[in-house]
Amino acid sequence: MKKPYSLKKITCLSLVLILTALTSSFAQEPAWKVTLDKGVEWTRYTPNKILLIGSSDWGLHGVDANTGKLLWSNEDLYNSAKAIKGADGKNQKYTEALIHVLTDDSDPTVSDFAVVKYSDFALVKNFVVLNIRTGEVVTSPAKAGMPTQKVLTSLRALGSETATFNYGGTAYIPELKAVMITGNWIDIKAQGTPAHQLTKLIDLKSGDELWGNDQVSSNFEPTVTQDGNLFLLADDIASKIDAKTGTVLWSYSVADKKNSFQSFGANLDLTEGYIYQKKGGRGLLTALDLNLGNVKWEKELSSKDIPILNAEYYGVIAADEKNFTLFDAESGEVKWTAKKLDGVVVDMGGNHGIAVGEKDKYLTVLDKNTGEEKWSEKIKGIEIDQLTGTGIMYRNGDGSIGLFGFDGKPLWDGKNMIKGETILRAKPGMDREIFYADGKIYHVDLISGSKKVIIDDIKFQEKESPDNLEHTGANFVLSSSQNMMGFDETGRVLYQNHWPSPKISLAGRIALRTIQVAALAMTAASSAAAGANHNTYSNVSYNKYGEDYKRQADFYANLANGMAQAAGKRFKATKSRGVNTFILTDVGGGNGLVRVDKASGKATGKIELNDKEPLFDSDPENGMIFYKPSKKEVHGYMF
């Protein structure tokens, strides 16, 4: 009985030795190497040629991407995020998504800075602005002199404390090249538990405080108004602030101290804002002139729900669970109330009406002057996609793309929709769009609504399906892991190339097939032994020995199947960055990465790694590779 299990161990050990031998081979020498004692968790290349490396101890490190020189390390800055939990209740993982590198087309030096914002899904717990060239902390709540507020949480354990200060309104403001840190809190240690608020504006590059104001705060990231100042919305006060001095230009408070703002909407040019608050058992909708702070009108609402506010130049739509009401922009009078609707509201312009989804079942268009239904079409899973020159483009529940004219007549519907399991899109201009679906490339004129197939019956090798479509400026590129096709807007194919994905070596496949054959033999032997130990006069199929042989037979059958899959496995690790795509393939002396120019489709360089599952990042400009060969290392390769 023990012999098959011994063979099982021997077989598994043999497999490990074979795979180890197959993956151990020479690789091209890198230009530089960086080693971190705590281990490399992730890498992130930034526009100013700094490679950020996150280590497994939640440290952050800056490396000169050209030379590999370690510029700085900060091992303590992010430890506060270790205990932060996400929406699923689990601790967040340390990923590059925590680091937001700033960009500014008019000022490349802005990319020397990054923002780190930690959130536990409900509240923002920490906020840091970092100079990623020097590693210096430009500002943080503590450095800006913001208080740290803690409250007792008896639901966890009597006397325990947790930070609850919310930095949700704290943000970088591109128009000012400055950072606003803002918050409000209750001092539970002071008599009467007074409420406080504080807002500060910090210069991005110097870290200097430009101004501070303890009379205002914001729960949401600030809005830059038409005249270049700031609009802030807190729980109970809306304010407009002089962006240069921090002086309050005007403010609007809730009607009663127990009230709080619950919904806000503004028109596109930010000249009018609409605020909803609870007032007793009813609601109050207020229209504000955002330039002067004047209350234009206020209307009480009977709704018990919090409405979503959609502001247009002619008024504001308040949509809740029961009502869909348009209030006149100047007077606040109810122009009309429609039946219960929900979904995205789209003004179709002119007299074409207002389009809105209805419970994911209908696309309904209302007359904006009367609220009467102009037309409605039942579409399962309706999702408004975009407004075109001839009507409204939409998606259905299957993901197919259709188009209705302004008059409600279908321009593309049914069999004429753009359909496919995967629909890819590229938009070279505001008046046209390129689609890929089900082996075809479509050219769509967004002004006339016309569409035509410009390339038909696209097939990629290795039975791959395209998963990316992009416009490079010079051409369009449709690609999958190992295939690339370049074409122009007329549908003329410029190139179509394939780089085979590597497989386990021939020797490795032979070894795996040998194990597979042996496992199949053991399966047959164990099955026969199980059959010999079958219970003839019992409801149980096998006796004790038969059950053991049956388990052995199942094991060897699974092992044989696994060997077959491993022998046929292909390895893929393609990345598309900037003007280049990096494809894992055979580069001559072994497998590695080939750099492909998207405009020409030609290989412009290769790097031999002999790693069939490489983890790497790249410089989108010159195509330099930052490769993680082990848990503690990053290697830089030049093509």
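A residue counts as buried when its relative accessible area is under 20%. Keep that cut-off in mind as you meet this predicted model, a protein chain with three helices and 50 strands. Here is a friendly tour, from the whole chain down to one sheet and one residue.

**The chain as a whole**
- The protein chain has 639 residues, and 48% of them are buried.
- About 31700 Å² of the protein chain is exposed, with carbon and sulfur atoms supplying 51% of that area.
- Among contacts with a separation of 6 or more, 41% link residues that are 24 or more positions apart.

**A four-stranded sheet**
- Strands of a sheet pair through backbone hydrogen bonds, either parallel or antiparallel.
- In one open sheet of this chain, four strands follow the order S20-S21-S22-S23, with antiparallel pairing.
- At the edges of this sheet are strand S20 (261-266) and strand S23 (295-301), each of which pairs on one side only.
- From one strand to the next, the twist averages 20°.
- Strand S20 and strand S21 (residues 272-279) run antiparallel and are joined by five bridges.
- Looking across from S20 to S21, you can find phenylalanine 264 opposite isoleucine 275.

**A closer look at threonine 43**
- Threonine 43 belongs to strand S2, which covers residues 40-45.
- Threonine 43 is buried because its relative accessible area is 15%, and the cut-off for buried is under 20%.
- Leaving aside residues up to four places away in sequence, threonine 43 touches Leu51, Leu52, Ile53, Glu96, Asp617 and Val634.

Note on methods:
Residues are numbered from 1 along each chain as its sequence is written. This is a predicted model: local features need pLDDT of at least 70, side-chain atom pairs count only at pLDDT 80 or more; totals for chains, interfaces and linings use all residues. Side-chain values use heavy atoms; hydrogens and water are left out. Helices (H or I, at least four residues) and strands (E, at least two) are DSSP runs, numbered from the N terminus. Buried means under 20% relative accessible area, exposed over 50%, partly exposed in between (1.4 Å probe, protein chains only). Contact means heavy atoms within 4.5 Å. Accessible areas come from the Shrake-Rupley method with a 1.4 Å probe; for residues, only the protein chains shown count as cover. Two strands pair if DSSP finds at least two bridges between them. Axes are lines fitted to C-alpha atoms, for helices over the stretch in contact, and angles run from 0 to 180 degrees between N-to-C directions.
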